[in-house]
Amino acid sequence: MLVLRKVDVHYGPIQALHDVSLEIAEGEIVTLIGANGAGKSTTLRLVSGLVRSTSGEVLFENASLAKVAPHDIVARGIGQVPEGRRVFAGLTVLENLEMGAYLVRGRQRVREALEEVFELFPRLRERRTQRAGTLSGGEQQMLAIGRTLMSRPKLLLLDEPSLGLAPTLVQTIFGVIADIQRRGVTILLVEQNAHMALRVADRGYVLETGRIVLADTAANLEASPEVRAAYLGE
Amino acid sequence: MLQQLVNAISLGAVYALIALGYTMVYGVLRLINFAHGEVFMVGAFVGLAALSVFHLPFAAAVLVAMLGAALLGMVIERGAYRPLRNAPRLAALITAIGVSLLLQNIGMLTVGAAPNPYPPAIEPTPIPWLKEHARLVVTEQQLVILAATAAILIGLSLIVSRTKIGKAMRAVSEDRQAAQLMGINTDRVISFTFCLGSAIAGAGGVFYGVYYGTADPLMGFMPGIKAFVAAVLGGIGSIPGAMLGALLMGLVETGVSSVTIPLSSTETLSGSTLRDAVAFTVLILVLLVRPAGLLGRPTREKV
């Protein structure tokens, strides 16, 4: 579904990604783990078209995304939940969700998407008239995920969805991620919480200073001594 | 006193129509569009042409001026600001000043620098009842302008709060990248914002011309700067803030103009000579005391 082939990304003189290749098949959850600054977010920003590669290819459903504008990438079926949630604080919960459905044509289809999101996050239904800025961190994360799901993406990019959340909320969010996969959405998950990420994912890649150093099934990564030492705190 | 209030509201209304464009454009681009006063000027001239050359009725002239100004706003954005989207903000700001000067000079080349008489469109005769019973000079023209301004402000509020493109404007104002990730074509939203803000300023230009009976290519400068102060006072980026700030600026200026300060037994200083100085003092005070403005959103948000 998504293929990155030998991608380099530069921010000015600094190279953020070196020769990164990865693949995601339909229906999978793939996780990218790595330390701060390893290039995880850059990879997601590249797929969404917010940064461009200096060499290599990004293919989605066999078509290059190199010259596709960010909003058209959304139209092709790639949704991203950005790091730090970035909900529209001054807009209500409902308005945030409407923005997520910006490209969805027809009231009926927007309503269906809305019902689905409310089913996934009943809390959002209760808070729908509230400004997003008044929500708690966990609720904002739910809103950020729900907002992106409104466009009914085929591929969902999640950037650090557990960041800064209490342990019980982390459990909830990961439960929802598994739930979203069951609904037929392919997921690329970026996480610092490697433990949780590897438990929910099918496969994983380990990024270190912009390079992929390991690629394997989630179970094998969880068992690998390097990963255990570096990312699982053992 | 009541008379001053009427005058203050009339002045504030014109400032509001200009200030909204500043604040909306700042919202989506974080750019002070210094050419905005000239959009107001061009709107006034388009309205002038519609009224005195094509003899259109007042309402039609206002609509034509709004269309003309909207088109100009769109062209300015496309031609001058869009190529600088990823350039440092200072480059865009300097460009804005350049566009402002360019439009002033194009104006002077085409219509000359001398003031052009502006047809009143609606005769400014005081409404007799108010004059007799309340000793208030309010003209029908003033009332029409105020009603039209109110209608524009309400229309704008509805667009921003209810329509999809209005909500997208707010989303882009808050976080342009997040808006892109929602599939919003931010360039189109920015273009729409320029159109909307410019159209409103264009209407303001016609009202101003009709009210003061004159138009010239430099007429956009002072009201433009005052409206900018009003937008900052209200909180730049905030639409209700711009309306409030403009009303307060109208009150302050009218208030200052109405006082006479005795300097010595023979000399007095009319407050109207201090009007501009007071307006800029307001700007300095706001920037010192409350840079976010009265209704400005605090820059920090809950994470």
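User: What percentage of the 234 residues of chain A count as buried?

Analyst: This is a predicted model, in which local features need pLDDT of at least 70, side-chain atom pairs count only at pLDDT 80 or more, and totals for chains, interfaces and linings use all residues. Residues are numbered from 1 along each chain as its sequence is written, with chains lettered from A and ligands numbered from 1 in the order written. A residue is buried if 20 or more other C-beta atoms, placed from the backbone, lie within 10 Å of its own. For chain A, the share is 44%.

User: Why is chain A described as being as compact as a globular protein of its length?

Analyst: Chain A holds 10 helices and 10 strands (DSSP runs of at least four residues, H or I, and at least two, E). The globule rule is 2.2 Å times the number of residues to the power 0.38, and the radius of gyration is taken over C-alpha atoms. The rule gives 17 Å for 234 residues, so chain A is as compact as such a protein, with a radius of gyration close to that at 17 Å.

User: How many residues of chain B are in contact with chain A?

Analyst: Contact needs C-beta atoms, placed from the backbone, within 7 Å. Helix H2 (70–76), helix H3 (93–100) and helix H6 (137–149) of chain A each give two or more residues to the side touching chain B. Chain A brings 24 residues, and its partners in chain B number 18.

User: Which residues touch Ala19(B), not counting those up to four places away in sequence?

Analyst: The residues are Ala227(B), Ala230(B), Ala231(B), Ala242(B), Gly245(B) and Ala246(B).

Definitions and conventions
Contact = placed C-beta atoms within 7 Å. Buried ≥ 20, exposed ≤ 12 C-beta atoms within 10 Å, placed from the backbone.
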